[in-house]
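Ready to get to know a new structure by working through a few exercises? Have a look at the display first, then try each task before reading its solution.

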Amino acid sequence: MFNIMLLEDQPAFRDIVTEVLGMIETPIYIGAAGSLMEARQLIEERPWHGMISDLSLPDGQSLDLIAELREQGVLIPTILVSGMLSPEKENKARALGIDKILAKPFRPDEMLAYVHEIIADTHPSTGSKRVSTASNPKLTGDLLSGLFSMDRNLDFMRRLVRDIPSSGGVIDICADALTLAVDMLHADGGFMAFFDRSRNQLSLVTSQRKSNEPLAQECDLNCTPFSPLLKGHEHFLHIRGEAAKGTARGSVKELWPGLGFGPAIAIPLCLQQQSVGVLCLVSDQWQNKSITDQDRLTMQDILIPQLDTLLDNRAVHAALEESMKETLFALAHLLEARDKYTRDHSTRVSSLAVDFAEHMDLDATAIDSIRTGGLLHDIGKVAIADAILMKPGRLTTRELSMIKTHPNIGDTILRNMDSLVVEREIVRSHHEHWDGSGYPDGLKDEEIPLYARIVGVADAIDAMTSHRCYRGALSVAACREQLEEYSGTQFDPDIATVAIAAIDDGRIHTQAGSIAGMESISNSDHA
Ligand SMILES: [Fe+2]
């Protein structure tokens with residue numbers, strides 16, 4: 001029995017491969033895995049003589065698994081199947097010793113030939129007779145090409161979600177989208193340019209081409225063939241290039257200065273249904289061949305609307321949010337800088353909370369949120385008068401209740417920031433207490449968001465170990481005692497334990513020294 005592992009998540013493709021393998025005389029056992037995780041389990045089951053693997057699986061890339069197996073000394077002759085294989089991925093595959101690479105759409109006979117080769121290499125004695133898939137109706141005709149195009153779209157959608165960053169500048173998003181379009185349509189290269197209507201100029205945003213020679217940054221629209229796209233007369237241009245140049249001399253224009261006359265295809269880039277630029281892909285394949293509906297559909301109905309959404313929602317929004325975030329950080333910093341006692345308080349709280357989160361083994365995303373939430377936790381104090389914030393003596397009940405509005409105010413400030421949803425919880429709930437005695441919502445134990453509990457402990461520690469206008473800093477030892485005393489009432493006991501360990505490890509410092517005197521943290525701290 002010849003054992004082949006089939007690493008492919010789409011049932012329709014598994015069926016095709018099963019059909020192909022079914023035509024081979026040698027008895028073959030097929031073990032199918034739909035994800036890298038399933039493949040890892042399957043590896044243990046039996047010896048595998050060959051593997052047919054898709055490149056992209058829901059939980060990652062098969063090349064990573066193959067590299068992992070190689071490191072463990074497991075070498076399985078592999079046929080790599082891929083819809084879009086970038087030169088980098090191809091190099092990586094070849095470096096892993098994979099020389100059997102099939103680009104979708106492949107002919108079933110190509111796969112069959114590779115499987116025969118593997119059988120001949122690993123089971124030379126079996127002498128499996130070569131067969132052809134031509135007689136198999138399931139492996140010929142429209143059904144197969146339909147499956148390939150469906151597969152291509154699925155792969156494309158997956159890459160749109162996974163490869164194009166959720167934030168980052170407009171240029172990064174355009175560059176990723178261009179790479180995707182080039183891969184998707186098997187083009188040789190291409191470029192994207194935005195249109196400056198007032199000057200009738202196109203400005204290059206990103207380009208990809210074999211030659212490293214830089215392209216001109218700007219070009220007059222009238223010198224290019226893209227005017228019909230930007231004026232809304234056309235939604236798709238098929239530029240046949242030099243061949244067409246001969247037939248319509250004078251009317252054919254260079255795609256971009258120095259880039260030649262095509263062949264190429266181009267579509268308008270749209271933002272909120274407005275043409276704002278052009279995406280042009282160049283490839284010799286479009287010299288004579290007519291554009292398939294599939295290519296047109298891919299460009300117009302999938303890539304461009306998606307790019308519109310990405311640019312509109314992510315880049316523009318992210319850029320705005322990013323600048324708002326910077327403004328908030330600056331505001332938080334400014335707020336603290338007014339008072340020498342609280343200067344850098346948020347930075348210290350943030351670092352301390354991150355330290356605890358790291359020791360609690362939280363993941364990188366959580367740690368990022370805690371870092372930002374720590375920096376912004378007191379942002380609501382912008383609305384509280386300096387006279388109250390910096391009052392040296394004890395606060396009146398009214399003043400205290402005013403101070404206690406700061407988590408609510410901070411929550412309101414961050415209300416419209418889509419990228420700070422988790423941080424907003426930290427801002428709102430960092431004064432909640434484990435026993436429910438905190439504010440503003442009187443939440444208790446695990447009702448309090450975990451990150452807010454962590455920042456809450458860090459905040460209390462920094463308040464205790466720093467000088468304040470109304471009291472001196474506590475020593476680290478006194479702070480440790482307070483943590484122990486208020487563990488399970490003010491503080492989440494688990495986080496208090498982490499904080500105590502941080503003190504014992506010497507990771508927490510104090511400003512205590514010359515100024516003596518302290519009051520209980522619960523009633524004297526100005527929050
Ligand atoms: Fe606070």
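Here are three exercises on this predicted model, each with a worked solution.

**Exercise 1: the whole chain**

Find how many helices and strands the protein chain has, and what share of its residues is buried.

Solution. Start with the elements: the protein chain holds 20 helices and 13 strands. Next, burial: of the 527 residues, 37% are buried. Last, take the contacts between residues at least 6 apart in sequence: 65% of these link residues at least 24 apart.

**Exercise 2: two helices**

Work out how helix H17 and helix H18 cross, and which residues meet there.

Solution. A pair of packed helices is described by the angle and the distance between their axes. Let's pick out H17 (residues 450–465) and H18 (residues 476–486): their axes come within 10 Å and cross at roughly 140 degrees. As for handedness, this crossing is right-handed. Now zoom in on the residues: H17 brings Ile 461, Met 464 and Thr 465, and they meet Val 476, Cys 479 and Gln 482 of H18. Sorted by class, that contact has 4 nonpolar residues, 2 polar ones and no charged ones.

**Exercise 3: following strand E9**

Find the strands that bridge to E9, and say which way they run.

Solution. Begin with E8 (residues 189–196), which runs antiparallel to E9 (residues 201–208) and is joined to E9 by 7 bridges. One pair to spot is Gly 190 with its bridge partner in E9, Gln 208. The hairpin of E8 and E9 has 4 residues between the strands, and Asn 200 there takes a positive phi near 55 degrees. Then move on to E10 (residues 218–220): 3 bridges join E9 to E10, again antiparallel. Here Leu 202 stands opposite Cys 219 in E10.

Note on methods. Residues numbered from 1 in each chain as written. Predicted model: local features only at pLDDT ≥ 70, side-chain atom pairs only at ≥ 80, totals over all residues. Axes fitted to C-alpha atoms, helices over the stretch in contact; angles between N-to-C directions. Left-handed = near helix turned anticlockwise from the far one by under 90°. Contact = placed C-beta atoms within 7 Å. Nonpolar A, V, L, I, M, F, W, Y, C, P; charged D, E, K, R; others polar. Pairing = 2+ DSSP bridges. Buried ≥ 20, exposed ≤ 12 C-beta atoms within 10 Å, placed from the backbone.
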